[in-house]
Amino acid sequence: QVQLVESGGGLVQPGGSLRLSCAASGSISSINAMGWYRQAPGKQRELVAAIISGGSTNYADSVKGRFTISRDNAKNTVYLQMNSLKPEDTAVYYCNVDCFTGVVGLYRRGDYWGQGTQVTVSS
């Protein structure tokens, strides 16, 4: 019912920048929040950044000051601008959306995930 298509991952040198995009499509009525998670091979999946409908944002301590999350409501797209990248940022990054689907009077709330995109930071 809802699809998330991620793009923008790849290989970048330490100190470089990368911009991830995630476009949501389907029978979406409204979006409550969108976010980015990441998972490295030896670690648990963790929240990187999130943005709610009102515009408030949350960031993991490890990325504060380096990453910026933003959205384009008209396109149902969320972005993650990643600057000053470090090798420790290497992971698979997953987009997540918390949204309502359906029509007026028949709304349902759900949580959806993208397929993941690889980000590798290496010299």
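In the predicted model described here, A49 stands opposite Y59 in β6. Strands, like helices, are DSSP runs numbered from the N terminus (E, at least two residues, for strands; H or I, at least four residues, for helices). β5 pairs with strand β6 (residues 57–59) in the antiparallel sense over 3 bridges, where pairing requires that DSSP finds at least two bridges between the strands. The two strands form a hairpin with 4 residues between them, and G55 in the turn has a positive phi of about 105°. On β4, W36 also stands opposite A49 in β5. β4 and β5 pair in the antiparallel sense over 6 bridges, and a hairpin of 6 residues joins β4 to β5.

A word on conventions is useful before going on. Residues are numbered from 1 along each chain as its sequence is written, and side-chain values use heavy atoms, with hydrogens and water left out. Because this is a predicted model, local features need pLDDT of at least 70 and side-chain atom pairs count only at pLDDT 80 or more, whereas totals for chains, interfaces and linings use all residues.

Turning to the overall architecture, the protein holds 0 helices and 11 strands, and along the sequence the pattern reads β-β-β-β-β-β-β-β-β-β-β. The radius of gyration, taken over C-alpha atoms, is 15 Å, close to the 14 Å that the globule rule gives for 123 residues, so the protein is as compact as a globular protein of that length. That rule is 2.2 Å times the number of residues to the power 0.38. The C-alpha trace spans about 55 × 25 × 25 Å along its principal axes. The accessible surface comes to about 6500 Å², of which 48% belongs to carbon and sulfur atoms; accessible areas come from the Shrake-Rupley method with a 1.4 Å probe, and for residues only the protein chains shown count as cover. Of the contacts with a separation of 6 or more, 56% are made by residues 24 or more positions apart, a contact being heavy atoms within 4.5 Å.

Buried residues make up 41% of the 123 residues. Here buried means under 20% relative accessible area, exposed over 50%, and partly exposed in between (1.4 Å probe, protein chains only). The largest nonpolar core has 30 residues, and W36, L80, M82 and Y93 touch the most other members. Such a core is a set of buried Ala, Val, Leu, Ile, Met, Phe, Trp, Tyr and Cys residues joined through side-chain atoms within 4.5 Å. At least two residues of this core come from each of β1 (2–7), β3, β4 (28–39), β5 (46–52), β7 (67–72), β8 (77–82), β9 and β11. The most is given by β9, with 5 residues. In soluble globular proteins, nonpolar side chains tend to be buried together. Leaving aside neighbours within four places in sequence, the contacts of L80 include L18, L20, W36, V48, A49, F67, I69 and Y93.

One of these core residues, Y93, stands opposite T117 in β11. β9 and β11 run antiparallel and are joined by 3 bridges. On the other hand, strand β2 (residues 10–12) and β11 pair in the parallel sense, again over 3 bridges, with V121 in β11 as the bridge partner of V12. Within β11 (residues 117–121) the side chains alternate: T117, V119 and V121 point to one face and are buried, while Q118 and T120 point to the other and are not. In a regular strand the side chains alternate between the two faces of the sheet.

β9 also takes part in the 1 disulfide of the structure. A disulfide, defined as a pair of cysteine sulfur atoms within 2.5 Å, joins C22 to C95 with an S to S distance of 2.1 Å. The link is left-handed, with -85° about the S-S bond. C22 lies in strand β3 (residues 18–26) and C95 in strand β9 (residues 91–101), so the pair ties together parts that are 73 residues apart in sequence. C22 counts as buried, at 0% relative accessibility, and C95 counts as buried at 0% too. C99, in contrast, is in no disulfide, and the nearest cysteine sulfur, that of C95, is 11 Å away. C99 nevertheless counts as buried, at 0% relative accessibility.

Finally, T101 has its place in strand β9. T101 counts as buried, at 2% relative accessibility. Neighbours within four places in sequence aside, T101 is in contact with residues including Q1, V2, I28, L106, Y107 and Y112.
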